[in-house]
Amino acid sequence: MSQLIIENLRFRDRGPYSFAIAGGECLGLQGASGAGKTLLLRAIVDLDPHQGSLRLDDLECDRMPAPQWRKKVSMLPAESCWWRDVVEDHFHDFNAIPQEHLARLGFGPEVAGWQVSRLSTGEKQRLAILRMLENRPQALLLDEPTASLDRANSNGVEQLLSEYGRTNNAPLLWVSHDPDQLDRVADRCLFMQVDGSLKPCGGI
Amino acid sequence: MGVKPLSAFDLSLAAGLVVALALCSWRLRLGLEKRMVISALRTTVQLLLIGQVLRVLFAHASFPFVFAISMVMLMVAGREVGARQHRRIKGFSGWLLGTGSMFVSSFAVAFFALAIVIANDPWYTPQYAIPLLGMLLGNTMNGIALSMDRLTESLWQQRRMVEQRLLLGQTSLEAIHELRQQAMRSGMIPIINSMAAAGLVSLPGMMTGQILGGSSPMDAVKYQILIMFLICAGTGFGVVTAITLTCRKLFDDRQRLRLEVLQKQ
């Protein structure tokens with residue numbers, strides 16, 4: 001169920017990329033800075049023009065409105081953006097977020113009323129994960145989800161995201177610079193070379 | 001009746017004031033003296049030329065002639081809208097967008113005023129049509145240039161925020177909702193303010209001119225009220241059209257933000 005299939009994906013001068021991530025599987029993606037990992041994620045989420053086919057099972061990206069695709073296949077950018085003053089205004093319904101998810105990421109229910117301008121980078125990042133999961137996405141594209149987090153919070157995020165993937169049978173594409181992290185969360189791993197091409201990582 | 005004619009000597013007295021200010025700017029190193037003198041010369045030459053054109057036009061009130069003049073005015077205004085934007089949409093479509101919005105709103109409002117409200121015979125009587133269209137175009141041009149500049153600039157600066165909202169599954173219209181509102185407001189607020197201040201703070205130029213020309217103050221006032229309403233409607237609808245079209249241009253059919261359609265000048 002819910003397999004993410006990327007076929008002959010090309011954008012700019014990159015590609016073709018062809019790979020699939022099964023439901024519940026986590027594919028790690030490593031590579032040098034500037035190799036184009038973020039560009040690949042942006043193309044898959046249909047935020048950049050591209051050619052080739054993107055499918056979630058038999059649902060074709062081009063066959064549905066882009067916003068609908070982006071709700072199903074959600075990308076967590078490396079740095080989150082906030083546009084209103086208060087945290088809860090960025091959510092459809094903050095109260096519907098499971099208490100356990102909040103607690104897992106180190107928050108209590110009072111975070112709903114916090115001013116965005118006073119959040120730290122790490123707090124923003126953890127809240128951005130909750131905000132993304134609120135759409136109940138069927139596949140996750142994670143661009144260095146723990147880059148701005150300390151050890152303890154990193155663990156919470158890893159557990160929450162991995163568990164979300166397993167329980168919802170959702171494919172995960174996890175970009176990280178930390179091989180140890182990918183060892184923990186990823187079932188297999190690809191390495192993006194400087195020219196943008198992908199090869200299997202050694203070791204995993 | 002009729003206005004007391006001004007001689008070239010009268011005008012040169014007033015020009016002396018500008019020269020004095022230019023000297024002052026030179027002393028204070030404001031660096032504006034050259035631009036000030038050139039602009040003053042341009043005012044003189046351009047207005048003298050348009051005076052000649054209008055004299056001929058008023059003598060031969062033919063529709064093609066009036067139409068041709070109004071097209072020239074539109075083209076110049078369209079160029080000006082593009083020139084006033086820090087980042088404008090590349091190519092012909094960018095020009096067409098601003099000019100087209102101006103054309104639709106200004107010409108529709110001017111036609112409505114001339115044919116239905118003032119109802120001269122013929123409706124395109126140039127003594128009415130040209131000044132009316134000129135005032136409409138001038139104000140619509142300001143509004144559209146201001147609002148488009150505001151939209152493209154704020155979108156450029158807040159592109160990450162807009163893309164974040166797209167990533168969360170918002171449509172392009174939802175993602176730029178506030179930016180769009182602010183842009184439209186910034187285009188309309190100047191005319192709303194000048195309607196509110198009219199008569200109290202400033203006597204509008206057209207009314208002043210009419211009174212100097214010998215019209216009764218009440219006639220002049222009624223025309224000024226008409227003009228204010230027309231300018232408000234023309235600017236407002238022009239701004240709404242221009243911003244709506246610009247927003248559409250800045251996203252593609254897959255609702256991706258396409259900032260590469262903008263070029264910096």
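A residue counts as buried if 20 or more other C-beta atoms lie within 10 Å of its own, as exposed if 12 or fewer do, and as partly exposed in between, with C-beta atoms placed from the backbone. This is a predicted model, where local features need pLDDT of at least 70, side-chain atom pairs count only at pLDDT 80 or more, and totals for chains, interfaces and linings use all residues. Residues are numbered from 1 along each chain as its sequence is written, while chains are lettered from A and ligands numbered from 1 in the order in which they are written.

Let's start with strand 8 (residues 172-175) of chain A; helices (H or I, at least four residues) and strands (E, at least two) are DSSP runs, numbered from the N terminus. Both its faces are covered: A:Leu172 and A:Trp174 are buried on one side, A:Leu173 and A:Val175 on the other. In a regular strand, side chains alternate between the two faces of the sheet.

Here are its partners, where pairing takes at least two DSSP bridges.

| Partner of strand 8, chain A | Sense and bridges | Opposite residues |
|---|---|---|
| Strand 3 (residues 26-31), chain A | parallel, 4 bridges | A:Cys26 and A:Leu172 |
| Strand 7 (residues 139-143), chain A | parallel, 4 bridges | A:Leu142 and A:Trp174 |

Now for a loop: A:His92 sits between strand 6 and helix 3 (99-104) of chain A. A:His92 counts as exposed because it has just 11 C-beta neighbours inside 10 Å. A:His92 and A:Arg131 are 39 residues apart in sequence, yet 8.8 Å apart in space, C-alpha to C-alpha.

Over in chain B, helix 6 (residues 159-167) has buried residues including B:Val162 and B:Leu166. Just after that helix, B:Gly169 takes a positive phi of about 90°.
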